[in-house]
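Morning, everyone. Let me walk you through one structure, piece by piece.

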Number of protein chains: 2
Amino acid sequence: MSDQKDNLIIFDTTLRDGEQSPGVTLNTEEKIQIARQLSRLGVNVLEAGFPVASPGDFNAVQRIAREVGPLMEGRTGDGRVNQEMVICGLARSVPHDIQTAYDAVKDAPRHRIHVFLATSDIHLEFKLKISREQCLQRISEMVGFAKSLCADIEFSPEDAGRSDPSFLCEALAVAIKAGATTLNIPDTVGYNTPQEYGALIKHLRENTEGADSVVFSTHCHNDLGLATANTLAGISNGARQVEVTINGIGERAGNTSLEEVVMNIHTHPHSYPVQHTINTRLFFSTSRMVEDLSGMAVQANKAIVGRNAFLHESGIHQDGVLKNKQTYEIIRPEDVGVTTGNLALGKHSGRHAFKTKLEDLGYGGPALTDVQFQAAFVKFKDLADSKKSGVTDGDMHALVADVRSSTMAAGSSAPPMEDVERGSATSTDLPEDAHELQAEPGVVRFTLKHLQVFTGLGITPTATVTLHDAVKGKDITDVALANNGPIEATFSAIQRIIGADIQLLNFNVAATSEGQDTLGKVAVRIARSAQEPTENSLAPSGSVPKFTGLATN
Amino acid sequence: MSDQKDNLIIFDTTLRDGEQSPGVTLNTEEKIQIARQLSRLGVNVLEAGFPVASPGDFNAVQRIAREVGPLMEGRTGDGRVNQEMVICGLARSVPHDIQTAYDAVKDAPRHRIHVFLATSDIHLEFKLKISREQCLQRISEMVGFAKSLCADIEFSPEDAGRSDPSFLCEALAVAIKAGATTLNIPDTVGYNTPQEYGALIKHLRENTEGADSVVFSTHCHNDLGLATANTLAGISNGARQVEVTINGIGERAGNTSLEEVVMNIHTHPHSYPVQHTINTRLFFSTSRMVEDLSGMAVQANKAIVGRNAFLHESGIHQDGVLKNKQTYEIIRPEDVGVTTGNLALGKHSGRHAFKTKLEDLGYGGPALTDVQFQAAFVKFKDLADSKKSGVTDGDMHALVADVRSSTMAAGSSAPPMEDVERGSATSTDLPEDAHELQAEPGVVRFTLKHLQVFTGLGITPTATVTLHDAVKGKDITDVALANNGPIEATFSAIQRIIGADIQLLNFNVAATSEGQDTLGKVAVRIARSAQEPTENSLAPSGSVPKFTGLATN
């Protein structure tokens, strides 16, 4: 890639817009794990959350700013970003939101406040109940207030696609004048064609006063399968930042996939006027991490990171692409972290081979703590002993997911949260009793000691469960039967012990690789029955406990 | 839609290119079910298979031609195609392939032969070992031979993207002269940008002698997430046929999604110069059918047919889109067959309500046979009795998938296959003993009579299995234990009974809806251990037995 090209700013919103995927809720430890991986991947700007939404959100953003913001591991060297990741917090155009966002991100060496306000008449009239004049004034005041706290300010005109184009230019000019350094143009409903979206970016750049001094940013949704194409059209028309998520997770059909946009630029060095500083070899492990922690499964035929994406039946395709190397850069599986040798390790593999293999798979450096590495190695030795066919790459990914979730469940207790005054309209308060199942914040109250299941065809399933209750300091055992199978029986027995009503939201068991002695990855998502889903579209939903882990099949 | 617009020809290749997805193998009954649904959906041309590849492929294409080819159900009326579906068979440019393809499709009222030959120098030199001159001569002879059998001929220059553009125009002109009526331009490696692919279609249309008299067709792959955008660019530049698959299944990252292309045209009536005749309300049920039968799971954030695609958090988005109705046609969930009311039926619902609900969900008409409908109703009553929270739409979809697979497994014995001489180079012969587990073709030899499983935490899992052997006419029982869980124990017990080595390829249990008494959908994919995957990229892979069905959780 030529040094004359502009760097494309990769703004990752997996932890904010991605976390708004229905059913996805990440806890603080999970968010920090993902943030560390995104830092290592080379993401330029990380939107870590919406700090005013809840104390939990504030805490997560603040910890990411403090713990991940300074990290430089993987970010230095030729073709890398060579700067800390910018940690960004979202805020509505009200002083309290902006102050809270600033307080959450300010401890990161590089930080940004992302302020938004709708500019379409329908939003102004019915949602905000203000005039166009008042809208411009609020942009000026609120961007100005943000600027008084922080040099790096992004402004998004919400519902830009349906705003009057000339008013939109006026609003953007006011934002620039008040200090905005990045202007983000959302395709809110995901309905733009690439031609339309490219033309919109071009129009705004050409008709907004001061446009030359700021970065324009794309924010596309995939409702019609065009998020990547629309984002690339934005780049071709002058956008230099793209808002994206890992695996394209997000509301409805999701956001633009980070990995698709980057690999388009990567493989077409002559087609796009930008270069990137992402370490593409971490795509597969990053994708797996987000899949495991979010519970949003990636389909086999997903571009770049799907399980089948690199299953070429014949070598001739690759040969041919190689021949055309002047036009396209081929994607070799290893370029995106897909290792072709499936058999990873056997029972005689030692600690060093295990560590090397983890690094090959993208789990080097901060991907695992020392405690997690030790736990993973112990599990690996157990598995290698019992699995005659050898430990596969799929098993390794599953092992990593398992130690991540189990060492989190064991709970490094979080630092005490700073005082945060609650935001009003959009705050999603946790139910009063959200923590009653925890001994104290971050510490698990109940631990599974014993489980015994009897089931079959024509047999009434029964489950006997023993849980250790850390509060009462004793083991409790109960048994239950069920009409619909052993999972229901197990949940019923647990309910009898803990005395709370649990609703099963989602249950999935999948083999991690081939063979009848393969590991199974189990994802169970439950909620307290009384809990209602949150209504607000910007705030992340409330506390949905989630358990993922490894199980024998 | 205006009557002045050209109709876009939807060429569905779910059963041919889609079936080439790694791990996907559809049996004849499953292919016929999908073909019937695609007919009802309004597909214009169905590529039913590659008849020379194997006797099984020939038989499937022939039965589709005879049984599905004449169907008009759902295809008549305003805005519909009002013609039978064209049944198409793929053939290499050799006489035997072409004759076999013709024999397979000829009984359909409307039928097509799809002939392909590579035109890139690398293919000519290394794969076909012929000169450019010989290439042109073979196109002329083989398209001419096909034309002598059949009026409707499609020609694909394989590897068009890497062929010398002027030679490509020459080759296409030869094909037109020999009688080709459709020219299909594959983006073989999925690396084109929309600009490049659109320009290629435009160039070929403008520089090929006789181009005005034929239909140009797109065939795109999704390796960089741009299949839909590339296909739309082809349409904008004059293509009037699109080759697509349901859910975008296909090799590697898959083919272009039928539903995405159609909904782009549907929602942007002013942006594309074509109209379609697809019944979009069948998209969701069709997607589910292909997901169930192919085993290729659709991710929640898939455009149009993903489970989250229409989970709008707030109503304001839809309001706004409605306001812009002159620009976009909104997609309402019901437009693509997603019903918003989740609670379908209760225990007091009768046969009529059940049938109406099935029709609402897209399973009217030929989607279920009478036998399947009866079986579904019986299962529904059982389920409604045991499930206190009511039967949901998700349960209904699962019920349909279950009766489909179980009534197939019970085996309406297929009509005897006609004599087919085997194709040579690419035929994927079934292993000699492929049918030894069947009593006779289409009839199942072993049936599960009894299963008893004991497992838990710290317990060695055991499974006791009784199978009825239809050949020996008796029940056989055995027990096995396993290190890795009850699934392994169950498979081990089955292996002991049937005396064959089975490899577990894939195992997945997923809840079909919420609640701990929800149904679980189980997909297990197994293969005889000795079997090697097929090497050829065009021929579908061999016989991988597959079981999908409903289970209690």
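Which members of the largest nonpolar core touch the most other members? Two residues: F283(A) and F283(B). That core has 120 residues. One caution before we go on: this is a predicted model.

Take the chain B copy. Leaving out residues up to four places away in sequence, F283(B) touches L41(B), L258(B), E259(B), V262(B) and M263(B). On the same list are I278(B), I304(B), V305(B) and V336(B).

Now the barrel in chain A. Eight strands close it, in the order β2-β3-β4-β5-β6-β7-β8-β9. The pairing is parallel. On average, neighbouring strands are turned by 25° against each other, ignoring direction. In general, strands of a sheet pair through backbone hydrogen bonds.

Let's look at one pair. β5(A), residues 111–118, and β6(A) pair in the parallel sense over six bridges. Within that pair, V115(A) stands opposite F155(A) of β6(A). Helix α5(A), residues 132–149, packs on the sheet and touches both β5 and β6 of chain A. Its direction makes about 170° with that of β5(A). Helix α4(A), residues 121–128, also lies across β5 and β6 of chain A. But α4(A) runs at about 85° to β5(A).

Stay on β6(A), which spans residues 153–158, and find I153(A) there. Is I153(A) buried or exposed? Its relative accessibility is 0%, so I153(A) counts as buried. Beyond its neighbours within four places in sequence, I153(A) contacts I113(A), V143(A), A146(A) and K147(A). It also contacts G179(A), A180(A), T181(A) and T182(A). A178(A) is 25 residues from I153(A) in sequence, and the two C-alpha atoms are 9.7 Å apart.

Next, helix α8 of chain A, residues 227–236. Why is α8(A) described as largely enclosed by the rest of the structure? Because nine of its 10 residues are buried. They run through A227(A), T228(A), A229(A), N230(A), T231(A), L232(A), A233(A), G234(A) and I235(A). What do they pack against? In chain A: α7, β8, β9, α9 and β10. And from the other chain, α8 of chain B. After α8(A) comes G238(A), with a positive phi near 115°.

Over to chain B, for two residues with positive phi that are not glycines. The first is N82(B), at about 55°. N82(B) sits in the loop between α2 and β4 of chain B. With 41% relative accessibility, N82(B) counts as partly exposed. The second is D159(B), at about 65°. D159(B) sits in the loop between β6 and α6 of chain B. D159(B) has 1% relative accessibility, so it counts as buried.

Last stop: H111(B), in strand β5 of chain B, residues 111–118. H111(B) counts as buried because its relative accessibility is 19%, and the cut-off for buried is under 20%. Which backbone oxygen does the H111(B) side chain reach at 2.8 Å? That of A108(B). The H111(B) side chain also reaches the backbone oxygen of K106(B), at 3.5 Å. Apart from neighbours within four places in sequence, the contacts of H111(B) are V86(B), I87(B), Y102(B), V105(B), K106(B), C150(B) and D152(B).

That's the tour. Questions, please.

How values were computed: Residues numbered from 1 in each chain as written. Chains lettered and ligands numbered in written order. Predicted model: local features only at pLDDT ≥ 70, side-chain atom pairs only at ≥ 80, totals over all residues. Heavy atoms only, no water. Buried < 20%, exposed > 50% of the residue type's maximum accessible area, 1.4 Å probe, protein only. Helix = DSSP H or I, 4+ residues; strand = E, 2+ residues; numbered from the N terminus. Contact = heavy atoms within 4.5 Å. Core = buried A, V, L, I, M, F, W, Y, C linked by side-chain atoms within 4.5 Å. Polar contact = N/O pair within 3.5 Å; in protein donor to acceptor, adjacent residues only side chain to side chain. Pairing = 2+ DSSP bridges. Axes fitted to C-alpha atoms, helices over the stretch in contact; angles between N-to-C directions.
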